[in-house]
Amino acid sequence: MTAALTGLGYQRWALDAILLLPLLGAVLVMLSPPPAAKRLALYVTLAEFVASLGLWWTFEPTAAMQFQVVRQWIPEWGIAYRLGVDGISLFMLLLTTLTMPLAVLGSWTYITRHERPYYALLLVLTTGMLGVFVALDLFVFYVFWEIMLIPMYFIIGVWGGPSRLYAAIKFFLYTFLGSLLMLVAILTIYFAVARATGEHSFGYDHLWRNIAYVRPWAFWLFAAFALAFAIKVPMFPFHTWLPDAHVEAPTAGSVILAGILLKMGTYGFLRFAVPLFPEIAMDPAVTAVVVVLSLIGIIYGALVSLVQPDFKKLVAYSSVSHLGFVMLGIWALTLQSVQGAIVIMINHGISTGALFFLAGMMYERRHTRDIAQFGGLAKVMPAFAAVLTVVSLSSIGLPGTNGFVGEFLVLLGAFRTHPWAAAIAATGVIFAAAYLLWAIQRILFQQVDHPENATLPDLSPRELAVLAPLVACIFWIGIYPAPILRRIEPSARALVTQVREAAGAPPVAEGAVQPGAR
Amino acid sequence: MPIDLTTPGGVTLALVPELVLTAWVLVLMLVAAWRHRDARVQRDVGLLTLIALGSTGLAVAWLWAQGATPIGLPAMMALDGFRFATSLVFLLGALLTVMLSLGYVDREQIQAPEYYVLILLATLGMMFMGGAADLVVVFLGLELMSVAVYVLAGVNRKSVFAAEAALKYFLLGAFASGFFLYGIALIYGATGTTNLWLIHGRVLELGLGSNVMMVAGIGLLLIGFGFKVAAVPFHMWTPDVYDGSPTPVTAFMAAAVKAAGFAALVRVLHQAFDGLPIWHGAVWWLAVITMVVGNLIALAQRPLKRMLAYSSIAHAGYLLVAVASGSAMGSAAFLFYAVAYTLMTVGAFAVLAAAGTGGERDVLIDDLSGLGTRRPWVAGAMTVFMLSLLGFPGTAAFIGKWYILSAAVDADQRLLAVILVGASVVSAGFYLPPIMAMYMRPAPTTEAHQATRIVGAARWAVGVMAVALLLFGFWPNRALDAARRGGESLRPASLYSLER
């Protein structure tokens, strides 16, 4: 496989192709007759997924940036179209391209108005999100980071629920506020480095190598980056946009928000905020703040989920909790915890994505998401019940499912550097079991006490097609995560080593316990 | 091409664009006077105006391409990239205004062919402002422009609001001109000259940096300019005047008139008072107050026209950030942003004019509801203009804002940059609602927006503006290069040979 792809020169055109394909698809969708729009969008996203699969095989498990593309864009300012993939971004890419066909399929019957612009926006959004994950030029990164706001804003605002306008503008403003401060930070770094080195460039490599020149303002620069990313993650207390946006967005919008957009925040920490400013990020005070906020996120998100009457809102708040684990994993900064953080980023995309799909399917049948309106669905919809149970268990982190691998690695890694934090975070797993098991108990079991529920149809083949790949991933990652961990490891190790060295923190001995080691 | 400005031939050559435009003005004025009540002639005058502006633009481009530079110190008119670049910006603004006006004057039944002549005269004044090498020429250009625009504001004699706008603009404008003139007098008193380069030389030579007369003169100049560019706290006239004037005239005032004020401001500050610390603080505060107040008040506006009026005040604040940097990069950023600003402002007003068949003053932002489904192309163009005004990536204004922020950060004015981005976040609160209304709210009635049509030349103008904004958003290289050359051409006197 690898040889065949290399023969085609895949490494050279892969990133260009997967960024360009959705854009072309968007144009085609706009030009197509309306009934064909969704089919066309499905084909494009499937082709996109297939095209991106080559990355899996041709990716070499080293810490180096691969599939690099460098093309001059605005040479006057040292802006070039620089792209590349490493072990951190690889899985974000694959997660995105996997999610998009499912998102299209999941919108099949949900979206009934303005289909063409909807699917075109989904495709534009795909390019925007992929661009964020592969950009190696801070200008290009910023452009992708912002541009992706517009399609999401429209998807929430036009096709969303009753209070969609409020949710859409809140989502937009929160992200916009954070990212504009990041813009000033980017410019400050750029000029400081340009003055010191004489080379004007927004290239990530160049800025990273010369980052020492910005030391006087490093704290503020870190704060600007961190704010932009923390809002996106979202970390407590910047999370208030999330329940609104997730609940009001159409099903596919929620899936993409939870599955991919939130990862852009944690990805930003891994790629920019932490490696660029290691001594600030690892400063004891900053660490304390981040770890405490992550713990609050984990516990608070879980507790709020526990009391939600609305299933979609429950899932939305559970994201705050899961992303808290990711943040903890990043800040624990051991090989296992960082690997675990990346694995949770993948898992959360799969499990929470599936939960949002399931919530959407419930809503399409009953036009309500109120948990109290359901009950006894296991008898009426056995396949639905089976999938919901599996997905919930994976979200809880049951061994044998993907959720376990990520959370275990994070807790294991975090225990070495922040034992107390790890201990508190572990209780989050218990809370997750509480809110999800209680929810599925009320939805699936007990008596069918609402007569409307007695005749609900079980999953259609289309819905099964949406859920099956996600369930397959749940078990695959849960049982045999080694191929994934192997690809993540070099980049994670390089990150941990570099940051620890730069911050003057002692290296942490790698433990012998490492599930799925080679 | 070095040009000797002491010979009649040299002066003529240096003034070719202005002379071309003047010739057109004279011809068209005669035509307008001759056939005053003929609607067809009015239309022909309008079309000829387009040709006039186009040919003047060609003359400017020719002179620029020739690399015209003065031998010795420029006496009355400068001969540098900044002049040519600003001239092109003004001509672009005027051209787009005329394209909007062709259909608009028919619809509103404004029978006054001199309308177009006044636009040309105002443009001529602007070109003198952008190219002046002498404070007196700045003042002449300013008055030529202002008087023409006072009349344009009240050209729709059937509207009481237009009359109010014209009177208000005239009274306050005359007052501001007084400040300006007094400022020139004081500076002349302090330095004994009105030539920008010689002022600079004298200031350095005689150490006039903190001379009371000098400081007072600069302060008065800033007040005069502040009025013309609608900087807070000299903006009080703006909402009423913009609101009452015919919409294409409003677009002209918001785009070209403001750009002209800035062009002269940049030239005077950078050339005559380069390196003087006294104006930096003042402009810094003007920028901050203008951005904050403009954006916050715009947030509270329901009528689209008033929202755009306050938004133009806010944008004056962004441009002041470029001025405050006091560097060649700041001037270049001003030039680039002025082009983007002209395109998006005139575009937004064009859509407003189309939506306002029942009176543009009464169009509320919410009245755009459902435009997205009824008039997808108009709504699409409006979306581009709104996102541009917001400074969103993918549009020219983003590159412009990036440029301004670069200039500010490069000049170590990071706080100003942070305030600018904060103001931009606030501005999302009023640039997004039109988009929201167009796409996310249903049309109130089935016959809503039936009359919303952009026809004829205006359709071309709107299309070109929207496409150009996107194009410059992704491929700004050529424009950036021109802006940089224009900005760098504002060189201090020491670079010219001082013999004269």
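**Exercise 1.** In this predicted model, find how many salt bridges the rule gives across the interface of chain A and chain B, and work through the pair Arg484(B) and Glu76(A).

*Solution.* Step 1: the cut-off is a side-chain nitrogen of Lys or Arg within 4 Å of a carboxyl oxygen of Asp or Glu. Step 2: between the side chains of Arg484(B) and Glu76(A), the N to O distance is 2.8 Å, and the two form a salt bridge. Step 3: across the interface of chain A and chain B, the rule finds 3 salt bridges.

**Exercise 2.** State which elements of chain A supply at least two residues each to the side that touches chain B, and describe that side by residue class.

*Solution.* Step 1: the elements are strand 1 (66–74), helix 6 (138–147), helix 7 (149–159) and helix 8 (164–197). Step 2: helix 8 of chain A gives the most, with 16 residues. Step 3: the classes on this side of chain A are 28 nonpolar, 3 polar and 4 charged residues.

**Exercise 3.** Give the area buried between chain A and chain B, and name the three residues that supply the most of chain A's share.

*Solution.* Step 1: the contact involves 35 residues of chain A and 36 residues of chain B. Step 2: the buried area is about 3,400 Å², with 79% coming from carbon and sulfur atoms. Step 3: Glu76(A), Trp77(A) and Leu165(A) supply 18% of the area that chain A buries against chain B, more than any other three residues.

**Exercise 4.** Decide whether Ser312(B) is buried or exposed.

*Solution.* Step 1: Ser312(B) lies in helix 13 (residues 304–325) of chain B. Step 2: its relative accessible area is 1%, and buried means under 20%. Step 3: Ser312(B) is therefore buried.

Notes
Residues are numbered from 1 along each chain as its sequence is written. Chains are lettered from A and ligands numbered from 1 in the order in which they are written. This is a predicted model: local features need pLDDT of at least 70, side-chain atom pairs count only at pLDDT 80 or more; totals for chains, interfaces and linings use all residues. Side-chain values use heavy atoms; hydrogens and water are left out. Helices (H or I, at least four residues) and strands (E, at least two) are DSSP runs, numbered from the N terminus. Buried means under 20% relative accessible area, exposed over 50%, partly exposed in between (1.4 Å probe, protein chains only). Contact means heavy atoms within 4.5 Å. Buried area is the accessible area (1.4 Å probe) that two parts lose on being put together, summed over both. Ala, Val, Leu, Ile, Met, Phe, Trp, Tyr, Cys and Pro count as nonpolar, Asp, Glu, Lys and Arg as charged, and the others, Gly among them, as polar.
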